[in-house]
Amino acid sequence: MKKTYLIFALMVGALTLTTSCSDDGSKEFPANTVQVVSAETEMAAAGDTKTITVTGTGITASVPATCTWLTASVSGNTITVTAQPNLERQTRHTIVNIVASNGDANSISVSQFGAIFTLDAPASLSASDEAQQISYAAKYNLPISVTSNADWLTVNMTDDAMIVGTTANTTGHPRSGYVYYEIGTIKDSIQVVQCEFDKDIVGKIFYLAGTNPSTGKLTYELVQVQKADDGYLLDLIEYSADAGAQIASPIFKLTESSFKLPMGYVMGHYGQYVLGWVGWDANEGYITWSTSLGMDVSFSYDDEYQVTVGDMVDDGAWGTYEINALQLYAFSSEEFASGTRVGTFNRLAFPWLEEYEETAAPRRSAMAKNNRTILTPFDTNIKVANK
């Protein structure tokens with residue numbers, strides 16, 4: 001290898017010597033008169049204007065015809081490039097072609113950063129009744145517009161955060177509003193529910209309402225959220241009154257405006273029967289009384305009906321099945337099993353809670369109890385999937 005290098009060096013030297021000593025009539029070409037003196041070529045995603053300074057006379061500048069986001073204008077030896085906002089995440093690139101009146105030319109690459117937006121905030125947030133400011137980390141490089149739809153709710157942006165503010169809630173019930181934001185092609189919202197569980201939910205009587213699939217009519221049970229020594233209960237107030245003892249299911253507080261209603265707990269004795277909530281997938285025809293499954297109840301205030309409501313959804317723990325209906329179920333024993341089930345007092349498909357007021361006219365779900373059925377015959381088509 002070393003020898004080869006020496007031979008190559010000698011050949012190069014000889015070639016150089018021959019070239020330098022000969023006169024083959026070659027000409028020297030003049031230097032390009034269009035040279036870049038200074039250039040700002042990285043453009044902000046929000047839209048930007050930068051300048052490029054070049055040498056030469058009679059300068060013109062252009063971008064490729066396929067580039068629609070960048071324009072170039074010339075004043076003497078200064079080229080001004082202007083970029084439109086880049087609403088896509090990807091960085092984009094193009095070329096500015098520069099030509100002098102003598103035909104000399106040069107080109108320079110220009111890039112524009114892609115859009116950045118991150119917001120560390122939930123789709124729905126629960127706030128206490130106190131006046132407060134809640135900060136959520138944000139990162140963005142485009143102009144962002146934020147608004148709210150309630151006079152008690154404010155929203156502002158700093159360089160690195162979204163600040164959601166609330167005034168004190170003295171209404172005695174949950175209240176909800178929305179924060180809206182728009183950035184680039186993104187339009188979205190955050191629901192804000194202001195509530196304190198012990199003040200705005202506990203002690204209130206609700207309709208637990210739904211549709212009875214057997215009749216196709218709306219039906220309900222009257223329930224009350226109560227505080228217990230070791231947590232909270234959902235009391236069936238009419239059954240408790242009839243039985244002379246409390247008929248209630250434990251509930252588990254999730255947030256200041258939500259709780260979980262579990263299935264399969266012994267609620268109490270009603271005559272010869274033991275009552276408990278049974279979850280039902282009304283579409284698939286399966287039931288469960290597993291205490292590890294349930295429905296999540298989230299409270300808000302319905303401005304149209306001026307009433308507190310609790311929307312109920314499956315908690316997602318039942319595999320491929322979904323609890324979209326409840327059965328107030330009777331068993332012959334405190335051991336809930338296929339062999340001890342007797343039948344159902346009431347069936348409520350797609351249930352929800354609505355605050356009850358005795359003197360109020362019917363609103364979202366208030367109705368006569370003309371369709372309550374006591375212990376309808378057990379439906380043998382219903383299947384047990386108790387996991």
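Which residue's side chain meets Lys50 in a salt bridge? Keep that in mind while you look at the structure, and remember that this is a predicted model.

Okay, the partner is Asp48: its side chain and that of Lys50 come to 3.6 Å, N to O. Why can we call Lys50 buried? Its relative accessible area is 18%, and buried means under 20%. As background, side chains of opposite charge can pair when their charged atoms come close.

Now, there are eight salt bridges in the structure, so let me show you a couple of others. Lys187 pairs with Glu182 through their side chains, at 4.0 Å from N to O. Here Lys187 is exposed, at 65% relative accessible area, while Glu182 is partly exposed, at 36%.

Next up are Glu256 and Lys253, whose side chains form a salt bridge at 2.8 Å, N to O. Both ends have some access to the outside: Glu256 is partly exposed with a relative accessible area of 28%, and Lys253 is partly exposed too, with 34%. There's also a little network, where salt bridges with shared partners link Lys260, Asp296 and Asp315.

Let's move on to the pocket. How do we find a space like that? Rolling a probe the size of a water molecule over the atoms shows where empty space is left. The largest pocket here has a volume of about 180 Å³. Strand 10 (124–127), strand 16 (186–194) and strand 25 (294–302) are the elements that each give two or more residues to its lining. If you want to click on some of the lining residues, try Ser124, Gln191, Phe299 and Asp311, which are among them. And what kinds of residues are we talking about, by class? The lining has eight polar residues, three nonpolar and one charged.

Last stop: Asn86. You'll find Asn86 in the loop between strand 6 (78–83) and strand 7 (92–99). Is Asn86 buried or exposed? Asn86 is buried, with just 1% relative accessible area.

So what does the Asn86 side chain reach? One answer is the backbone oxygen of Phe113, at 3.2 Å. Another polar atom pair has the backbone nitrogen of Glu88 lying 3.1 Å from a polar atom of the Asn86 side chain. Leaving out residues up to four places away in sequence, Asn86 also touches several others, including Ala45, Arg92, Gly114 and Leu142.

That's my tour, so go ahead and spin the model around.

Notes:
Residues numbered from 1 in each chain as written. Predicted model: local features only at pLDDT ≥ 70, side-chain atom pairs only at ≥ 80, totals over all residues. Heavy atoms only, no water. 1 Å grid on protein atoms, 1.4 Å probe; cavity = no way out; pocket = protein on both sides within 12 Å on 5 of 7 lines; lining within 4 Å. Points joined across faces, edges and corners; volume = space filled by probe spheres on them. Helix = DSSP H or I, 4+ residues; strand = E, 2+ residues; numbered from the N terminus. Nonpolar A, V, L, I, M, F, W, Y, C, P; charged D, E, K, R; others polar. Buried < 20%, exposed > 50% of the residue type's maximum accessible area, 1.4 Å probe, protein only. Polar contact = N/O pair within 3.5 Å; in protein donor to acceptor, adjacent residues only side chain to side chain. Contact = heavy atoms within 4.5 Å.
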